Amino acid sequence: ENKVLTENYNGRTIRYLMHKETGNWIEKRVHRKEFISHIVKEYREQGGKVIVIDALTASALDLAQKAKKSGIKVVSLITDFVDDTFYGIGFVRKIKNYILKRSFYKQFTYTDYFILLTEEMKERIPVKNIKYSVFNGICDFEAVVPPEQNKKFDKRVLVYTGEIRKMY
């Protein structure tokens with residue numbers, strides 16, 4: 001079932017798109033495009049002006065295209081590059097990786113602004129004169145853990161949420 005989860009944060013409404021992935025890859029793609037069209041249209045009718053997209057999601061290109069065509073500004077959050085996350089071997093995997101890489105980079109032609117985790121990431125974006133910000137550690141700790149609970153921690157903690165592989 002398709003869902004839109006809504007959350008309020010500091011007076012702003014944040015909406016998360018969740019769509020059901022059932023059927024073969026053609027059915028999934030058609031279903032995803034229909035859902036994105038519906039959501040973008042509804043968002044635009046409600047006065048939505050900017051959409052932030054996780055660049056690594058399967059629906060990023062479709063969402064960026066539809067938003068841009070609807071006059072909505074597109075912000076791409078890039079936490080990693082798809083070609084750094086490839087895995088597997090074999091002919092089918094090579095084709096899938098090629099399609100993923102192509103759609104990942106194509107979405108940037110619809111992007112108005114980029115959010116990057118490091119300054120060096122901008123060199124890998126094949127768009128001239130990009131507008132971007134670097135956010136290294138984008139967590140409002142006080143919003144997650146109340147100040148009175150902060151005092152019980154006497155050490156700093158680092159959480160790495162990436163893949164644990166030899167190359168990393």
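## An exposed tyrosine and its patch

Tyr 98 is exposed, because its relative accessible area of 54% lies above the 50% that marks an exposed residue. This value, like the others in this report, comes from a predicted model. In the secondary structure, Tyr 98 belongs to helix H3, which covers residues 91-106.

Tyr 98 also takes part in a nonpolar patch on the surface, to which Phe 91, Val 92, Ile 95 and Ile 99 contribute as well, and the area of this patch is about 580 Å².

## Overall build

The protein holds five helices and six strands, and their order along the sequence is β-β-α-β-α-β-α-β-β-α-α. Of its 168 residues, 24% are buried, while the accessible surface amounts to about 12700 Å², with 55% of that area belonging to carbon and sulfur atoms.

Contacts across the sequence can be described in a similar way: when contacts with a separation of 6 or more are considered, 48% of them are between residues 24 or more positions apart.

## Parallel strands S3, S4 and S5

Strand S3, residues 50-54, runs parallel to strand S4, residues 73-78, and the two are joined by five bridges. Within this pairing, Val 52 is placed opposite Val 75 of S4, and Asp 54 is placed opposite Leu 77 of S4. The residues of S3 divide between two faces, a covered one with Ile 51 and Ile 53 and an uncovered one with Val 50, Val 52 and Asp 54.

Strand S4 is also joined to strand S5, residues 113-116, by four bridges, and these two strands likewise run parallel. Val 75, which faces Val 52 of S3, stands opposite Tyr 113 in S5, and S4 thus has pairings with both S3 and S5.

## Helix H2 and its surroundings

Between S3 and S4 the chain passes through helix H2, residues 60-69, and the three elements together make a β-α-β unit that is right-handed. Helix H2 is largely enclosed by the rest of the structure, because seven of its 10 residues are buried. These buried residues are Ala 60, Leu 61, Asp 62, Leu 63, Ala 64, Gln 65 and Ala 67. Just after the helix, Gly 71 adopts a positive phi of about 80°.

Which residues does Gln 107 contact, leaving aside its neighbours within four places in sequence? They are Ile 53, Ala 55, Ala 60, Leu 61, Ala 64 and Ser 76, and among them Ala 60, Leu 61 and Ala 64 are buried residues of H2, whereas Ile 53 lies on the covered face of S3. Gln 107 itself is found in the loop between H3 and S5, and it counts as buried because its relative accessibility is 1%, which is under the 20% limit for a buried residue.

## Salt bridges

Side chains of opposite charge can pair when their charged atoms come close. Across the whole structure, a search finds four salt bridges. One of them brings together the side chains of Lys 68 and Asp 112, with an N to O distance of 2.3 Å. This pair links distant parts of the chain, since Lys 68 is in helix H2 and Asp 112 is in the loop between H3 and S5, 44 residues apart. Both partners are partly exposed, Lys 68 with a relative accessible area of 34% and Asp 112 with a relative accessible area of 23%.

Lys 122 takes part in a salt bridge with Glu 119, in which the closest N and O atoms are 2.8 Å apart, and in another with Glu 123, for which the N to O distance is 3.9 Å. Through these salt bridges with shared partners, Glu 119, Lys 122 and Glu 123 are joined into one network. Is Glu 123 buried or exposed? At 62% relative accessibility, Glu 123 counts as exposed, whereas Lys 122, at 26%, is partly exposed, as is Glu 119, which has a relative accessible area of 35%.

Notes. Residues are numbered from 1 along each chain as its sequence is written. This is a predicted model: local features need pLDDT of at least 70, side-chain atom pairs count only at pLDDT 80 or more; totals for chains, interfaces and linings use all residues. Side-chain values use heavy atoms; hydrogens and water are left out. Patches are made of residues with over 30% relative accessible area and no salt bridge: like charges are joined within 9 Å, nonpolar side chains (Val, Leu, Ile, Met, Phe, Trp, Tyr) within 5 Å. Accessible areas come from the Shrake-Rupley method with a 1.4 Å probe; for residues, only the protein chains shown count as cover. Buried means under 20% relative accessible area, exposed over 50%, partly exposed in between (1.4 Å probe, protein chains only). Two strands pair if DSSP finds at least two bridges between them. A crossover is right-handed if, with the strands pointing away from the viewer, the path from the first strand over the helix to the second runs clockwise. Contact means heavy atoms within 4.5 Å.
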